[in-house]
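Welcome! Below are some exercises with worked solutions to help you find your way around a new structure. Keep the model open beside you as you go.

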Amino acid sequence: MTSDSTDRPPSRAGQATLITVAPTGAESDKASVPALPVTLDELVSTAKECQAAGAAVIHVHIRDARAQPTLDLGRLTETVRAIRTATDLIVQLSTGGAVTDSFDRRLAVLDAGPDACSLTCGTVNFGDDVFLNPWPFVRELYALTRERGVVPEFELFDLGHVATLHRLLDELGAPHGGHVHCDLVMGVPGGMPGNAATLVQAVSALPAGATWSATGIGRSSLPVILAALSAGGHLRVGMEDTVTFARGRPVTRNAELVERAATLAELAQRPAMSPGEARALLGVPDHR
Ligand code: KMH
Ligand code: ZN
């Protein structure tokens, strides 16, 4: 018998790859990065293109009429509806917003009725800023996701955030949908570095049964994709995390980052999963 025997169930590394696209973020400026999708139309056409390229989840930050980051509830609600109408993607709203957003506004994001939301498990230095996520806020946001039936994705920028994730689950129980899915956000100046050794260490600390994706900020994007694929993880890519496709070559559209991730996943014999498969994996009901 060879090690390729088909008698056994597929190993975790043999599963399909969940690709999340994070197309906008709150940090890049439209004037310096013209390809950044900032209007509703730009976001919806980006979402369609990225689904066609292999994305199953979209992590959404929105902008106002002046292309500045906003958590305006009316705009968020309209955005959720528009992406749901135009695509099958799981709509994950950011509750991180921008570093300047208040806790109250970040909690109110759930009023927009998304399928899923990000939930960062601790404070982290964020370049010259601080991304604040003190325990009482994290706990309140997590309790609210359970109350509202929104599936959280636990954003982990540092190893200490993994400890807070365990504390959340111990104190409040499993998330809505019953499955724990995390995203390792690596390479933020102030957070854990984006390299294979750190990725393996973080993954080994995750709760049993959890699935995870990883994203590398800036130039750590490719090393993190390759490390995540080899360690059996999923991927997040997009212009929130990197605006450079290769040295000296800016990203021209989010879909090219998704296409590259899907190609690498295919090469790893873990092709991109569909939004339907992602819903089953993450425990996200179809609200449409
Ligand atoms: N924009 C960062 C301050 C999230 O979306 O939940 C936070 C962030 C994380 O992007
Ligand atoms: Zn974000």
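A donor is an N, O or S atom within 2.8 Å of the metal. Please keep in mind that this model is predicted.

**Exercise 1. Find which protein residues are donors of the zinc ion (ligand 2), and work out their spacing along the chain.**

Solution.
- Step 1: Start at the zinc ion (ligand 2) and look for its protein donors, which are His59 (NE2), His61 (NE2) and Glu240 (OE).
- Step 2: Check the distance: these donors lie 2.1 Å from the zinc ion.
- Step 3: Follow the donors along the chain, and the spacing reads H-x1-H-x178-E.
- Step 4: Are His59 and His61 buried or exposed? Both His59 and His61 are buried, which means that each has a relative accessible area under 20%.

**Exercise 2. Trace the barrel and describe how strand 12 sits in it.**

Solution.
- Step 1: Go round the barrel, which eight strands close in the order 1-2-5-6-9-10-11-12. The pairing is parallel.
- Step 2: Look at how neighbouring strands of this sheet lie: on average they are turned by 30 degrees against each other, direction ignored.
- Step 3: Take one partner of strand 12 (residues 234-237), namely strand 1 (residues 19-21). Three bridges join these two parallel strands, and Ile19 has Leu235 as its bridge partner in strand 12.
- Step 4: Now take strand 11 (residues 211-216), which runs parallel to strand 12 and is joined to it by two bridges. Here Ala214 stands opposite Leu235.
- Step 5: Turn to the side chains. In a regular strand the side chains alternate between the two faces of the sheet. In strand 12, His234 and Arg236 point one way, while Leu235 and Val237 point the other way. All of these residues are buried.

**Exercise 3. Determine how many cavities of 30 Å³ or more the structure holds, and what lines them.**

Solution.
- Step 1: Count the cavities of that size: the structure holds two.
- Step 2: Take the largest cavity, with about 80 Å³ of space. Its lining includes Leu18, Thr20, Val57, Glu153, His181 and Val284.
- Step 3: Ask which strands contribute. Strand 5 (90-93) and strand 9 (151-156) each supply at least two lining residues, and strand 9 gives the most, with three.
- Step 4: Sort the lining of the largest cavity by class, and you find eight nonpolar, three polar and one charged residues.
- Step 5: Move on to the second largest cavity, with about 60 Å³ of space. Among the residues lining this cavity are Val60, His61, Ile62, Leu71 and Asp101. His61 is thus a familiar name, as a donor of the zinc ion (ligand 2).
- Step 6: Sorting the lining of the second largest cavity gives six nonpolar, four polar and one charged residues.

**Exercise 4. Describe the largest pocket and the second largest pocket by volume and lining.**

Solution.
- Step 1: Begin with the largest pocket, which has a volume of about 490 Å³. Of the 30 residues that line this pocket, Glu27, Phe126, Val188, Ile217 and Glu240 are the closest to its centre.
- Step 2: Find the elements that give two or more residues to this lining: strand 6 (116-120) and strand 8 (129-131).
- Step 3: Divide the lining of the largest pocket by class into twelve nonpolar, twelve polar and six charged residues.
- Step 4: Connect this with Exercise 1: Glu240 is also one of the protein donors of the zinc ion (ligand 2).
- Step 5: Go to the second largest pocket, with a volume of about 310 Å³. Its lining includes Gly218, Arg219, Thr242, Phe245 and Arg260.
- Step 6: Helix 7 (221-230) and strand 13 (244-246) each supply at least two residues of this lining. By class, the lining of the second largest pocket has five nonpolar, four polar and three charged residues.

**Exercise 5. Place Gln201 and decide how accessible it is.**

Solution.
- Step 1: Locate Gln201 in helix 6 (residues 196-204).
- Step 2: Gln201 has a relative accessible area of 47%, so it counts as partly exposed.
- Step 3: Compare its position with Leu159, 42 residues apart along the chain: the C-alpha atoms of Gln201 and Leu159 are separated by 8.5 Å.

Methods: Residues numbered from 1 in each chain as written. Chains lettered and ligands numbered in written order. Predicted model: local features only at pLDDT ≥ 70, side-chain atom pairs only at ≥ 80, totals over all residues. Heavy atoms only, no water. Donors = N, O, S within 2.8 Å, 3.2 Å for Na, K, Ca; no water. Buried < 20%, exposed > 50% of the residue type's maximum accessible area, 1.4 Å probe, protein only. 1 Å grid on protein atoms, 1.4 Å probe; cavity = no way out; pocket = protein on both sides within 12 Å on 5 of 7 lines; lining within 4 Å. Points joined across faces, edges and corners; volume = space filled by probe spheres on them. Helix = DSSP H or I, 4+ residues; strand = E, 2+ residues; numbered from the N terminus. Nonpolar A, V, L, I, M, F, W, Y, C, P; charged D, E, K, R; others polar. Pairing = 2+ DSSP bridges. Axes fitted to C-alpha atoms, helices over the stretch in contact; angles between N-to-C directions.
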